[in-house]
Amino acid sequence: MLVSAKEMLNKAKAGHYAVGQFNINNLEWTKAILQTAQEMNSPVILGVSEGAGKYMCGYKTIVGMVEGMIEGLGITVPVALHLDHGSYEGAMQCIEAGFSSVMFDGSHYPIDENIAKTKELVAICEEKGLSLEAEVGAIGGEEDGVIGEGECADPDECKMIADLGVTMLAAGIGNIHGKYPANWKGLSFETLDNIQKLTGAMPLVLHGGTGIPADMIKKAIDLGVSKINVNTECQLAFAAAVRKYVEDGKDLQGKGFDPRKLLAPGVEAIKATVREKIELFGSKDKA
Ligand SMILES: [Zn+2]
């Protein structure tokens with residue numbers, strides 16, 4: 001059964017660790033992440049962007065696949081199915097389709113409009129027992145066509161949104177989606193510390209987890225980050241492993257062309273990445 005992310009994130013905040021959100025793209029991705037979370041006895045959040053939602057033929061298809069897989073694989077660790085960077089309409093569609101958690105990204109709206117729309121979703125999610133993530137201050141880089149500048153959020157605006165009753169809050173602290181450029185200045189721990197002081201027990205979310213050095217991740221967790229989003233890193237690992245299989249000519253040997261064989265090295269690479277992140281975030285054995 002899918003669960004809201006509320007309990008797992010409140011526990012993480014209190015226990016000074018973070019739960020990973022790993023974005024899914026297809027059956028192989030989903031299976032690899034669920035199996036690894038189970039093996040590590042860790043709670044997990046499956047992230048779905050609106051673009052990935054379209055790719056996988058709609059939110060209902062995804063709910064059916066994930067619920068079926070939880071049953072079929074005998075997954076017992078807490079699993080939240082979460083819309084990543086949702087529009088207001090996208091969030092409503094996911095709630096309707098049976099997601100257990102949604103993000104409403106109103107960071108590109110003026111703060112008053114972000115507050116008004118977030119408030120409406122707080123009421124709906126509360127009624128249905130779903131978790132809701134809000135965002136203040138756009139996160140840099142591009143994710144499915146959504147481009148952010150990598151700004152630092154205003155801590156007072158973060159408090160205004162946190163006070164609406166959202167479950168968790170994503171705030172820009174200099175983080176970027178995708179690969180980090182060589183001249184990246186690093187995370188702004190000063191901003192994070194100020195946000196954390198004003199928002200108290202609210203679990204904070206760090207987007208753009210790919211390529212942030214391990215010591216910065218640990219420090220961010222110390223300063224109140226309880227959810228870390230990983231997307232690009234699984235994609236890079238998957239692509240490199242499948243590329244190697246093909247370059248080694250293994251698809252030309254015997255039945256190496258069988259998609260279950262062709263994609264298997266990619267699946268193993270995702271598992272290794274997820275395993276490494278669960279260790280780093282400290283959520284192993286916290287299911
Ligand atoms: Zn993000």
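Here are a few questions and answers about the core, one helix pair and one loop residue of this predicted model.

Q: Which helix gives the largest share of the largest nonpolar core?
A: Let's start with the core itself, which has 72 residues. Those with the most contacts inside it include Ile 33, Leu 169 and Ile 270. Six residues of this core, its largest share, come from the helix spanning residues 264-281, and that is α12.

Q: Are α2 and α12 roughly parallel or oblique to each other?
A: Helix α2 covers residues 27-39, and its axis lies 9 Å from that of α12. The two pack at an angle of about 40°. Angles under 35 degrees would count as roughly parallel, so α2 is to α12 oblique.

Q: How many residues of the contact of α2 with α12 are nonpolar?
A: On the α2 side we find Glu 28, Trp 29, Ala 32, Ile 33, Gln 35 and Thr 36. They meet Gly 266, Val 267, Ile 270, Lys 271, Val 274 and Arg 275 in α12. Three residues of this contact are polar and three are charged, while the nonpolar ones number six.

Q: Is Gln 253 buried or exposed?
A: Gln 253 sits in the loop between α10 and α11. A residue counts as exposed if 12 or fewer other C-beta atoms lie within 10 Å of its own. Gln 253 has 10 within that distance, so this residue is exposed.

Q: What separation do the C-alpha atoms of Gln 253 and Gly 72 have?
A: Along the chain, these two residues are 181 residues apart. In space, their C-alpha atoms are separated by 31 Å.

Conventions. Residues numbered from 1 in each chain as written. Predicted model: local features only at pLDDT ≥ 70, side-chain atom pairs only at ≥ 80, totals over all residues. Core = buried A, V, L, I, M, F, W, Y, C linked by C-beta atoms within 7 Å. Buried ≥ 20, exposed ≤ 12 C-beta atoms within 10 Å, placed from the backbone. Helix = DSSP H or I, 4+ residues; strand = E, 2+ residues; numbered from the N terminus. Axes fitted to C-alpha atoms, helices over the stretch in contact; angles between N-to-C directions. Parallel < 35°, antiparallel > 145°, perpendicular 65-115°, else oblique. Contact = placed C-beta atoms within 7 Å. Nonpolar A, V, L, I, M, F, W, Y, C, P; charged D, E, K, R; others polar.
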